[in-house]
Amino acid sequence: MKILVIHGPNLNLLGTRNTEIYGTRTLAEINVIIVEHAKKRGATVTLYQNNHEGNIIDKIHELAAKDPQDPHQALIINPGAYTHYSFAIRDAIEAVGVPAVEVHLSDIQAREEFRSRSVIAPVCRQQIVGLGYQSYLRAIDWIVAEAGRSRPG
Ligand code: DQA
């Protein structure tokens with residue numbers, strides 16, 4: 001099982017950005033935890049961070065070329081502020097048709113009004129919020145469990 005993990009804009013600043021909301025771990029530290037957790041669950045992850053909408057869309061498009069021998073590919077995405085208005089990222093996820101989980105470090109429902117709306121959620125199978133970096137780990141768990149449920153036999 002291969003999982004692409006995309007971190008959207010400003011998440012490269014984790015560790016110094018609004019630490020009371022997002023915690024003190026840097027993205028590099030979180031990525032190490034994600035890789036180790038995935039390994040424990042028998043999955044491998046590819047990690048990608050970008051601040052630009054088009055680059056994120058190009059990365060999502062790479063999932064369309066998935067290996068037919070490895071049908072359990074999945075996407076975990078924290079679209080950052082694009083969550084709230086990027087119909088282009090929404091459409092890219094829908095177009096590639098790969099199971100996607102939307103994650104957020106913070107609880108987007110419990111913050112400013114503009115954050116409570118996700119235009120990405122309707123094309124994702126699951127949304128996990130408010131658990132800090134552990135949101136990513138729960139997303140891995142969900143994807144691995146879901147793959148187990150849908151595997152024939
Ligand atoms: C975030 C929530 C977004 O509203 C915000 O713009 C971010 C981070 C989160 O992980 O909590 O950049 O996606």
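# The ligand and its surroundings

A backbone N or O atom of Leu 105 lies 2.8 Å from an oxygen atom of the ligand. Such a polar contact is a pair of N or O atoms within 3.5 Å; within protein, one must be able to donate a hydrogen and the other to accept it, and residues adjacent in sequence count only if both atoms are side-chain atoms. The model is predicted: local features need pLDDT of at least 70 and side-chain atom pairs pLDDT 80 or more, whereas totals for chains, interfaces and linings use all residues. Residues are numbered from 1 along each chain as its sequence is written, and side-chain values use heavy atoms, without hydrogens and water.

Two side chains also approach the ligand through polar atoms. In Asn 78, a side-chain N or O atom is 2.7 Å from an oxygen atom of the ligand. Arg 115 places a polar side-chain atom 2.8 Å from a ligand oxygen atom. Of the 320 Å² of accessible area that the ligand has on its own, the protein covers 99% (Shrake-Rupley method, 1.4 Å probe; for residues, only the protein chains shown count as cover). The residues around the ligand, each with a heavy atom within 4 Å of it, include Arg 17, Tyr 22, Gly 80, Ala 81, His 84, His 104, Ser 106 and Ile 108.

Ser 106, one of the residues around the ligand, belongs to the loop between β4 (100–103) and β5 (126–128). Helices (H or I, at least four residues) and strands (E, at least two) are DSSP runs, numbered from the N terminus. Ser 106 is buried, with a relative accessible area of 8%; buried means under 20%, exposed over 50%, and partly exposed in between (1.4 Å probe, protein chains only). The side chain of Ser 106 forms a polar contact of 2.9 Å with the side chain of Arg 111. Ser 106 and Gly 130 are 24 residues apart along the chain, yet their C-alpha atoms are separated by 4.0 Å. Contact means heavy atoms within 4.5 Å; beyond its neighbours within four places in sequence, Ser 106 is in contact with Ile 21, Tyr 22, Arg 111, Val 129 and Gly 130.

Asn 78 leads from the ligand to another part of the chain, since it is among the residues that His 7 touches, a count that leaves out residues up to four places away in sequence. His 7 is part of strand β1 (residues 2–7). With a relative accessible area of 0%, His 7 is buried. Other residues touched by His 7 include Leu 27, Asn 31, Ile 34, Leu 47, Tyr 48 and Tyr 136.

After β1 comes the loop between β1 and α1 (19–22), where Asn 10 has its place. Asn 10 is partly exposed, at a relative accessible area of 35%. Apart from residues up to four places away in sequence, Asn 10 touches Arg 17, Gln 49 and Asn 51. Between the C-alpha atoms of Asn 10 and Arg 25, which are 15 residues apart along the chain, the separation is 14 Å. The loop between β1 and α1 also holds Asn 18, partly exposed at 37% relative accessible area. Most residues other than glycine have a negative phi. Asn 10, although not a glycine, has a positive phi of about 75 degrees, and Asn 18, likewise not a glycine, has a positive phi of about 35 degrees.

Two further residues complete this account. His 37 lies in helix α2 (residues 27–40) and counts as buried at 8% relative accessibility. Neighbours within four places in sequence aside, His 37 is in contact with Leu 137, Arg 138, Ile 140 and Asp 141. The C-alpha atoms of His 37 and Val 144 are 11 Å apart in space, with their positions 107 residues apart in sequence. Ser 86 is found in the loop between β3 (74–78) and α4 (87–96), and its relative accessibility of 1% counts as buried. The side chain of Ser 86 reaches the backbone nitrogen of Ile 89 at 3.0 Å. Residues up to four places away in sequence not counted, Ser 86 touches Glu 53, Val 119 and Ile 120.
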